[in-house]
There are 2 protein chains.
Amino acid sequence: MDTNFDKKIFIENFKHSCNKVQIKKFVKGETVTTYIEKRNQICILLTGKVELIRYDFNGNKTIIGNFEENDIFGEVFYPANTNNELFVVAKRNSEVLFFTYDSLFNKCRRNCDFHKNLVNSLSELFLDQIINLNLRIELLTKRNIRGKILSYFDILSKRSLHKTFSIPFSYTDLADFLSIDRSAMMRELKLLIDEGFIKKNGNKITLLF
Amino acid sequence: MDTNFDKKIFIENFKHSCNKVQIKKFVKGETVTTYIEKRNQICILLTGKVELIRYDFNGNKTIIGNFEENDIFGEVFYPANTNNELFVVAKRNSEVLFFTYDSLFNKCRRNCDFHKNLVNSLSELFLDQIINLNLRIELLTKRNIRGKILSYFDILSKRSLHKTFSIPFSYTDLADFLSIDRSAMMRELKLLIDEGFIKKNGNKITLLF
DNA sequence: TCATTTTTGTTGCTTTTGCAACAGTTTTTT
DNA sequence: AAAAAACTGTTGCAAAAGCAACAAAAATGA
């Protein structure tokens, strides 16, 4: 990927120069936004950590997405008439930049600098998002719990460039993220340890293959 | 979504004016491209139908994505070091436009018109793709076969604006797309029929709720 | 610092899903 | 038009995953 694009700098410019955007702060546990009303909202997480969550009628929680600094999310990425109530909750104190997709194509009051590269940058941000979603699909299409776990660990390992890495979730949330039962996941983790595929120490995992 | 953007016209302009792109034709069954080498390739399907496929070591086939006219796909959407061999196969005779992400940010020989709206259009195309991927994740995170089937049918129903719609797959492929066992899926379909939730006639489904 | 809440680890049991296999259809190819 | 290939529908059985429940550990927060 084009690594000479600096997302952070882009976002800083964006934030200070443009009257088309808003910034809000949220404390842990607060609801950042819901995906009910269609307003083509896009959000960029400036600091903190948020989760996109769905509860189904059985009360099963699914973590549809988890976002970290500079990630992009928002209701614009979901089709209008889904009958799902999705909401975004701050996992930590967070700072979020809000705007609407349409507003990007109008000039702002100060006709500010960021417009020059905005759409370029937007497609770059979108591209990152697509890559993340494809990774997620990669996991979810694995046919069994072992496959899902190992795929995810593989991604984490490659991302950290080490065989040892820490899981950015509690195990409870990891299960929700992989869309599997927690106890079944724990059982499978134990099997993976017993069979010598991985080592586990708290939330640190080491791949032994 | 912004519906006044006409993807088709954009693609037509693109195709005729720009020397940065290539068009190739494929007959049914041919491999369109593989996602092995990293070259930031982007493909737009002009006509036909293609599938993005993964086979795992057990020989399980998974349809990672299925693309129709004007859809966008390509290895640029996958991170560099996945150890998966993904390939794109034509399900019907197809026509595909190829380019690389990087090439978009250079001017082409004739400095052609499409550059004006190119990045805008690109982000629009990316946005469509994100919406599709989110729908896919929506399905895949459902905890059981019934949930997956009903979610998918719900999408098809909303897309067609009718309670009756046809499935754009064979049942064999549908199972691969939902990442479930075919016979288990057939069993579940039968249950759904017996319990009065759906009607089924060939590849036409009617929702009764 | 103590009480409360959340998370982890574990297990027996039940339900769901996958696998294998095969016969009958339909579609495609020659 | 016949042969081959792919798809559909079905089933019994085996394996995997989900559920429920609980104790212990850790984290949170008043």
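Modeller: Before we start on this predicted model, one term: helices here are DSSP runs of H or I with at least four residues, numbered from the N terminus. With that in hand, take the protein surface near DNA strand C: helix H4 (171-178) and H5 of chain A, together with H5 of chain B, each supply at least two residues of it.

Colleague: Okay, and how many residues surround DNA strand C, and which are the closest?

Modeller: There are 18 of them, and the closest are A:Tyr171, A:Thr172, A:Lys200, B:Asn144 and B:Ile145. By class, that surface has 5 nonpolar, 5 polar and 8 charged residues.

Colleague: Which parts of DNA strand C come within 4 Å of the protein?

Modeller: Sugar or phosphate holds 52% of those atoms, and the bases hold the rest. For specific pairs, look at the phosphate oxygens. One is 2.8 Å from a polar backbone atom of B:Ile145, and a phosphate oxygen is 3.1 Å from a polar backbone atom of B:Asp181. On the chain A side, the side chain of A:Lys190 has an N or O atom 3.3 Å from a phosphate oxygen of the strand.

Colleague: Now the other strand. Which residues are closest to DNA strand D?

Modeller: A:Asn144, A:Ile145, B:Tyr171, B:Met186 and B:Lys200 are the closest, out of 18 residues that surround DNA strand D. Of the strand D atoms that come within 4 Å of the protein, sugar and phosphate account for 52%. The residues of that surface split into 5 nonpolar, 5 polar and 8 charged.

Colleague: What do A:Arg187 and B:Arg187 reach on strand D?

Modeller: Both have base atoms as partners. A polar side-chain atom of A:Arg187 sits 3.0 Å from a base nitrogen, while B:Arg187 has a polar side-chain atom 3.5 Å from a base oxygen. The backbone takes part as well: a polar backbone atom of B:Tyr171 is 2.9 Å from a phosphate oxygen of strand D. As for elements, helix H5 (182-194) of chain A, plus helix H4 (171-178) and helix H5 (182-194) of chain B, give two or more residues each to the surface near strand D.

Colleague: Let's leave the DNA. How do I read the contact of the two protein chains, and how much area do chain B and chain A bury?

Modeller: The general idea is that the size of an interface is often given as the accessible area lost when the parts come together. In this case, chain B and chain A bury about 4300 Å² between them, with 57% of it on carbon and sulfur atoms. On the chain B side, B:Ile130, B:Ile137 and B:Arg143 lose the most area to chain A, together 15% of what that side buries. By residues, the contact takes 45 from chain B and 45 from chain A.

Colleague: What about salt bridges between chain B and chain A: how many are there?

Modeller: The cut-off is a side-chain nitrogen of Lys or Arg within 4 Å of a carboxyl oxygen of Asp or Glu. On that rule the count is 4. B:Asp176 forms a salt bridge with A:Arg143, and their closest N and O atoms are 3.8 Å apart. Across the same interface, 14 residue pairs are in polar contact, both partners at pLDDT 80 or more.

Colleague: Which elements of chain B build that side?

Modeller: Strand S5 (61-67), helix H2 (115-140) and helix H3 (145-160) of chain B are the ones giving two or more residues. H2(B) gives the most, with 17 residues. The whole side divides into 19 nonpolar, 13 polar and 13 charged residues.

Colleague: Can we do the same within one chain? Where do the domains of chain A lie?

Modeller: Domain 1 covers 7-135 and domain 2 covers 142-207. Between them they bury about 740 Å², 47% of it on carbon and sulfur atoms. A:Ile63, A:Asn66 and A:Leu135 supply 52% of the area that domain 1 buries against domain 2, more than any other three residues. In contact terms, 10 residues of domain 1 meet 8 residues of domain 2.

Colleague: And how many salt bridges and polar pairs join the two domains of chain A?

Modeller: There is 1 salt bridge between the domains. A:Asp173 forms a salt bridge with A:Lys91, the closest N and O atoms being 2.7 Å apart. The rule also finds 3 residue pairs in polar contact across that interface, both at pLDDT 80 or more. On the domain 1 side, strand S5 (61-67) and helix H2 (115-140) of chain A each supply at least two residues, and S5(A) gives the most, with 4 residues. That side divides into 2 nonpolar, 3 polar and 5 charged residues.

Conventions: Residues numbered from 1 in each chain as written. Chains lettered and ligands numbered in written order. Predicted model: local features only at pLDDT ≥ 70, side-chain atom pairs only at ≥ 80, totals over all residues. Heavy atoms only, no water. Contact = heavy atoms within 4.5 Å. Buried area = accessible area lost by both parts, 1.4 Å probe. Polar contact = N/O pair within 3.5 Å; in protein donor to acceptor, adjacent residues only side chain to side chain. Nonpolar A, V, L, I, M, F, W, Y, C, P; charged D, E, K, R; others polar. Near = heavy atom within 4 Å. Domains from an automatic or database assignment.
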